[in-house]
Each structure stands twice: as C-alpha cells, then as structure tokens.
Amino acid sequence: MERNVGGFDRALRIVLGAALLVIGYRNRDRTAGTLAFVAGSDIVATAIIRRCPVNAVLGIDTCSAE
C-alpha cells in the first residue's frame, strides 16, 4: 500500500482524532459519544499508517507535498 497522508495532514489528523477520542470517552454513555470515539480511532489510525482510503478514491496525495 502506498502512503497518501503526510506532513500537515498527518499532524491535523492526530490532533483532530485525539480530540474526538476525548469527546467520545467523556460522552461514552451516549450514542454520539460512541460515534465520536469510533471516528477518532479511525482518524488516528489513518495518521499512524499514513494511508487513507478516502484520499485514495479521490486521488489526493499529501505525501508528495513533503
């Protein structure tokens, strides 16, 4: 798998994902909290593995900007 997440995009995903994880954890008794936690987990995972399937479908590659 080719990487397509890099630089500023990766840092932004980590910050946004961490924020969603915290919001989700604090509201874990609600459906919206659970969804925020799942979304945050996915966003952080794409930052860690540096591969985003949505970027691949749309043809977006932020690694080449590094």
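These legends accompany close-up views of a predicted model.

**View 1. Helices α1 and α2 pass each other at roughly 155 degrees.** Let's start with the helix pair. Helix α1 covers residues 7–26 and helix α2 covers residues 31–49. Their axes come within 7 Å. Angles over 145 degrees count as roughly antiparallel, and α1 and α2 are therefore roughly antiparallel to each other. The handedness of the crossing is left-handed.

**View 2. Residues of α1 meet residues of α2.** Here we look at the contact side by side. From α1, the participants include Arg10, Arg13, Ile14, Leu16 and Gly17, and further along Leu20, Leu21, Ile23, Gly24 and Tyr25. From α2, they include Gly33, Ala36, Phe37, Ala39 and Gly40, as well as Ile43, Val44, Thr46, Ala47 and Ile48. Sorted by character, the residues of this contact comprise 14 nonpolar, 6 polar and 2 charged.

**View 3. Gly24 of helix α1 is a buried glycine.** Now zoom in on one member of that contact. The relative accessible area of Gly24 is 2%, so this residue counts as buried. Setting aside neighbours within four places in sequence, Gly24 is in contact with Gly33, Ala36 and Phe37. The C-alpha atom of Gly24 is separated by 5.6 Å from that of Thr34, although the two residues are 10 apart along the chain.

**View 4. Arg13 and Asp9 form a salt bridge.** If you like charged pairs, this is the view for you. A search of the whole structure finds 1 salt bridge. The side chains of Arg13 and Asp9 meet at 3.1 Å, N to O. Both residues belong to helix α1, and because they are 4 residues apart, about one helical turn separates them. How accessible are the two partners, Arg13 and Asp9? Arg13 has a relative accessible area of 14% and is buried. Asp9, at 17% relative accessibility, counts as buried too. Arg13 also appears among the α1 residues that meet α2.

**View 5. Asn4 is a buried residue in the segment before α1.** Our last stop is outside the helix pair. The relative accessibility of Asn4 is 5%; buried means under 20%, so Asn4 counts as buried. Which residues, beyond neighbours within four places in sequence, are in contact with Asn4? The list begins with Arg50, Arg51 and Cys52, continues with Asn55 and Ala56, and ends with Ile60, Asp61, Thr62 and Cys63.

Conventions:
Residues are numbered from 1 along each chain as its sequence is written. This is a predicted model: local features need pLDDT of at least 70, side-chain atom pairs count only at pLDDT 80 or more; totals for chains, interfaces and linings use all residues. Side-chain values use heavy atoms; hydrogens and water are left out. Axes are lines fitted to C-alpha atoms, for helices over the stretch in contact, and angles run from 0 to 180 degrees between N-to-C directions. Helices (H or I, at least four residues) and strands (E, at least two) are DSSP runs, numbered from the N terminus. Angles under 35 degrees count as roughly parallel, over 145 as roughly antiparallel, 65 to 115 as roughly perpendicular and the rest as oblique. A crossing is left-handed if the near helix is turned anticlockwise from the far one by less than a right angle, and right-handed if clockwise. Contact means heavy atoms within 4.5 Å. Ala, Val, Leu, Ile, Met, Phe, Trp, Tyr, Cys and Pro count as nonpolar, Asp, Glu, Lys and Arg as charged, and the others, Gly among them, as polar. Buried means under 20% relative accessible area, exposed over 50%, partly exposed in between (1.4 Å probe, protein chains only). A salt bridge is a side-chain nitrogen of Lys or Arg within 4 Å of a carboxyl oxygen of Asp or Glu.
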